[in-house]
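Visitor: Please give me a close look at one part of this model, its interior. Start with the terms, then stay with the residues.

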Amino acid sequence: MSQQSFHGGTSSPSSNNDDLTTDDTTDDGNMEDYVKRWEERNSEETHKAALAAAHAHHTAIREKALEVLEISKLREETEKLRQRRIQTEERVRLETERAMEELRIREEENKAKLIPKPPPRVPTPLQPVEQPVQQPKQLEFTPAPANQPVNQFAQAPKQASAPNVFQSSQTQPPPNTSQPNLKQSTSQQTTPATASHPMQAQLQVSAQQPKRAQQPAQAPSMTAQRSQAPPNASQAHQASWTARPASQHLEEQKIMHQSVDRYADIHRNLKDLRRVIRQFGELNRQFKTEAGAMRRAIIMSVGQLTEGRGVNKVQMQNICAQLDASLAMPIPPKFENALLFNPALVMTSTPAPSRKEDTPNNGDKMPLLTIYLLNILAKAAISQFCTEAGANPKAADPVGTIIISIFAQSKYCWRGKSLIEIMIAKFRITCPVLFGFRGNEKTEEGRARLGWKKDVNGNWISEQEHNDRMTGLGAGWGSICLRDFSRTQLDNPWPPIKYWESLAFITNTPPGETSSTQFVVLKAMIDNYTALFFKFFGDMGVRALHDALQVFPRKAAAGNVAASSLQVLAAKLQRDTGLLLAVS
């Protein structure tokens, strides 16, 4: 055998011959073993050996898989236990915080109980102030002198064929008149009386004076009822609504709130205006298309309003662009009767023409489309208050800012007076408690007086949905009323005194006639607006919040959750801002 035949393909020295001989012997043995196994490959012993080896292999794999599965189960159980431990710790932490907050509230309530007795004697000096109001009973026939402006108002809207609308406008002065202003002429009672009334009456007489003027015999008993709350508030709450018939409640409401009935007339006139727009649009397709595009643009812009300084300029410009286009739209002479509108139909009083030459819209009428778009703007704002602000009350602030800014611009006024009463009429229908209306939430007519809405099937919406709506509307009212116009040349169309009046209407409710709706609206009005309220009213604002957050909740029935939320808000204000509402 040549050297090239050795394993490895290279020549090997003679010293490796023994190793080569051993390798040949091993190869021969392996070959024999292979031949033997090949011949016995189908024998029974070979199959048994293969099955045993496979079984052992499978058993090892199964045991390893079971071990991995057990480890995985242990890991999963451990993770579940860890998550349960985290949740338990979080629950314990939250319960501890809640308990601590309850303890803080109890401590503050105990501190309030330990306050010396002078605070309960604070209402006592107010009785001499109320007595002079009761004495000149002959001077408090407010509906009679108000007939003079009615005759003046009736001259303007004759062409609009709605004389009944202005017959109810005579009722505006009564709830806003104060005793010093009774000596003034009736033509000057609309605005000056409103401005001076709340600051002199200190929150308590703004809502009760009109009722006292119409019912002087009941004034002493009502005063005594307010000064001494019954010990059992729940029994008084039930007895007050059951002792007197519903017709008497309606009569008292009518007497007490004649001044705001005009807003209901305005709301009906606005509905008629929308009907006229639709009817004219059916006759003129181009007008219908343009009016629909303007309406959608305003609704979309209002829906895009967000919180933040200077982030709503584009939306403001879009809304003003639609209103400007409606003012500039040419009206053919043959359509003047249909497309011109008397703004006195949507105002509580008819202003005289301005003497300034550059006053816009100083004539007898304005474009019907402009009034319609202002109505759409107000309606979209109310919708935003009820939906967005109901869940997040801070969302009402940008909407209120846009509304008050647009209605303050002179180019959207009539004879120099703002048309913001279009917006106020919406509030009058959706949230009557802002204007002093009261009702029993357990009755049909009581819910109707409180602004409780019905769904498409004619059923009352749930209490939660109603409270959300009232929360948004209360926050919206604060966002419109509490606006600072000191840095602008524009006049505030709805000054902060209107906020004070609504606050007085609600807090002066007798103990037996309170409702959860009042507490919900009052909380939304105060929360997030305390700084602005104090900015306008100072120390008197602190006194008013004392009555609203501490005195007024005591008039509620036992266990009223909405009333308790006012007391919680008082504790929150003291904790966050250090505000002490106790009166010394």
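Guide: Helices (H or I, at least four residues) and strands (E, at least two) are DSSP runs, numbered from the N terminus. The model is predicted, so local features need pLDDT of at least 70 and side-chain atom pairs pLDDT 80 or more, while totals for chains, interfaces and linings use all residues. Residues count from 1 along each chain as its sequence is written, and side-chain values use heavy atoms, without hydrogens or water.

First, the setting. The chain holds 23 helices and 2 strands. Of its 584 residues, 43% are buried (under 20% relative accessible area, 1.4 Å probe, protein chains only). Take contacts (heavy atoms within 4.5 Å) between residues at least 6 apart in sequence. Of these, 73% join residues at least 24 apart.

Now the interior. The largest nonpolar core has 98 residues. Such a core is a set of buried Ala, Val, Leu, Ile, Met, Phe, Trp, Tyr and Cys residues joined through side-chain atoms within 4.5 Å. Phe385, Met423, Phe427 and Trp477 touch the most other members. Helix H15 supplies the largest share of this core, 15 residues.

Phe385 sits in H15. Its relative accessible area is 0%, so Phe385 is buried. Leave out residues up to four places away in sequence, and Phe385 still touches Gly390, Ala396, Val399, Gly400, Met423, Phe427, Gly472, Leu473, Gly476, Ser479 and Ile480. Take Ala396: 11 residues separate it from Phe385 in sequence, and the C-alpha to C-alpha distance is 5.9 Å.

Move on to Phe427. With the same neighbours in sequence left out, Phe427 touches Ile382, Phe385, Pro432, Leu434, Phe435, Leu473, Gly476, Trp477 and Ile480. Phe385 and Phe427 are thus in each other's contact lists.

H15 (residues 368–391) also meets helix H13 (residues 313–328). Their axes come within 8 Å and cross at roughly 160 degrees. Axes are lines fitted to C-alpha atoms, for helices over the stretch in contact, and angles run from 0 to 180 degrees between N-to-C directions. H13 is therefore roughly antiparallel (over 145 degrees) to H15. From H13, the contact uses Ile319, Gln322, Leu323, Ser326 and Leu327. From H15 come Leu369, Thr370, Leu373, Leu374 and Leu377.

A second helix pair gives another angle. Helix H11 (residues 261–283) and helix H12 (residues 285–303) have axes that come within 5 Å and cross at roughly 130 degrees. This pair is therefore oblique, the class left once under 35 (roughly parallel), over 145 and 65 to 115 (roughly perpendicular) are taken out. Ile277, Phe280, Gly281 and Leu283 of H11 meet Arg285, Phe287 and Lys288 of H12.

Burial reaches polar and charged side chains too. In helix H20 (residues 497–507), 11 of 11 residues are buried. Among them are Lys498, Glu501, Ser502 and Thr507, along with Tyr499, Trp500 and Phe505.

Last, two backbone details. Arg415 is in the loop that links helix H16 (396–408) to helix H17 (421–430). Arg415 has a positive phi of about 55 degrees, yet is not a glycine. Its relative accessible area is 11%, so Arg415 is buried. Asn361 also has a positive phi of about 55 degrees without being a glycine. Asn361 belongs to the loop between strand E1 (340–341) and strand E2 (366–367).

Definitions and conventions:
Buried < 20%, exposed > 50% of the residue type's maximum accessible area, 1.4 Å probe, protein only.
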